[in-house]
Amino acid sequence: MAGGAARAGMVLRAVAALAAPAGAADAAYGEYLAAECSTCHLRSGDFKGIPSIVGLPEADFIAALRAYRDRSRENVVMQTIAKSLSDADMAALAAYYHRLGTKR
Ligand code: HEC
């Protein structure tokens with residue numbers, strides 16, 4: 001039925017909005033959020049044990065932040081930071097840092 005299909009479409013879009021890699025608008029928000037990250041994560045590469053996060057695949061980037069947030073990945077600093085990030089924040093940051101990497 002058309003109604004059912006429309007409802008299914010809405011559910012799919014809602015799920016996609018939660019899980020999908022972010023688009024251009026989100027990358028702009030990610031740039032704003034990244035001010036907090038750039039004190040440690042330099043654009044130029046690894047620095048004193050802090051890995052570069054530029055150009056990471058968005059899915060890997062989000063998976064890492066989620067792992068810190070649910071404490072399945074150990075690192076006190078990143079756990080504290082990830083705790084304050086929503087899924088939308090993580091997606092925006094992932095989009096921004098991914099674009100930084102592909103622009104070079
Ligand atoms: C105080 C320093 C510091 C700040 C600020 C910081 N990080 Fe990190 N980050 C680290 C360190 C150190 C690691 C490596 C931890 C480990 O070994 O798991 C890391 C790891 C990561 C990783 C995993 C990288 C990989 O290759 O697996 C991601 C993604 C990440 N940070 C994202 C962010 C984001 C996004 C922000 C800003 C919201 C941020 N970090 C802010 C120090 C920092």
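1. Ala, Val, Leu, Ile, Met, Phe, Trp, Tyr, Cys and Pro are counted here as nonpolar, Asp, Glu, Lys and Arg as charged, and the others, Gly among them, as polar. By that scheme, the shell around the ligand holds 13 nonpolar, 4 polar and 2 charged residues.

2. This is a predicted model, in which local features need pLDDT of at least 70 and side-chain atom pairs count only at pLDDT 80 or more, while totals for chains, interfaces and linings use all residues. Residues are numbered from 1 along each chain as its sequence is written.

3. The protein has 5 helices and 0 strands, where helices (H or I, at least four residues) and strands (E, at least two) are DSSP runs numbered from the N terminus.

4. A residue is near the ligand if its C-beta atom, placed from the backbone, lies within 6 Å of it; of the 19 residues around the ligand, C37, C40, P51, A64 and N75 come nearest. Both α3 (58–69) and α4 (76–83) supply at least two residues each to this shell.

5. In α3, the residues F61, I62, L65, Y68 and R69 are buried, meaning that 20 or more other C-beta atoms, placed from the backbone, lie within 10 Å of their own, whereas exposed means 12 or fewer and partly exposed lies in between. Seen down the axis of α3, the buried residues fall within an arc of 125° (taken from the directions from the helix axis to the C-beta atoms), so they line one face of the helix. On the other side of α3, A59 and D60 are exposed.

6. After α3 comes R71, whose phi is positive, near 65°.
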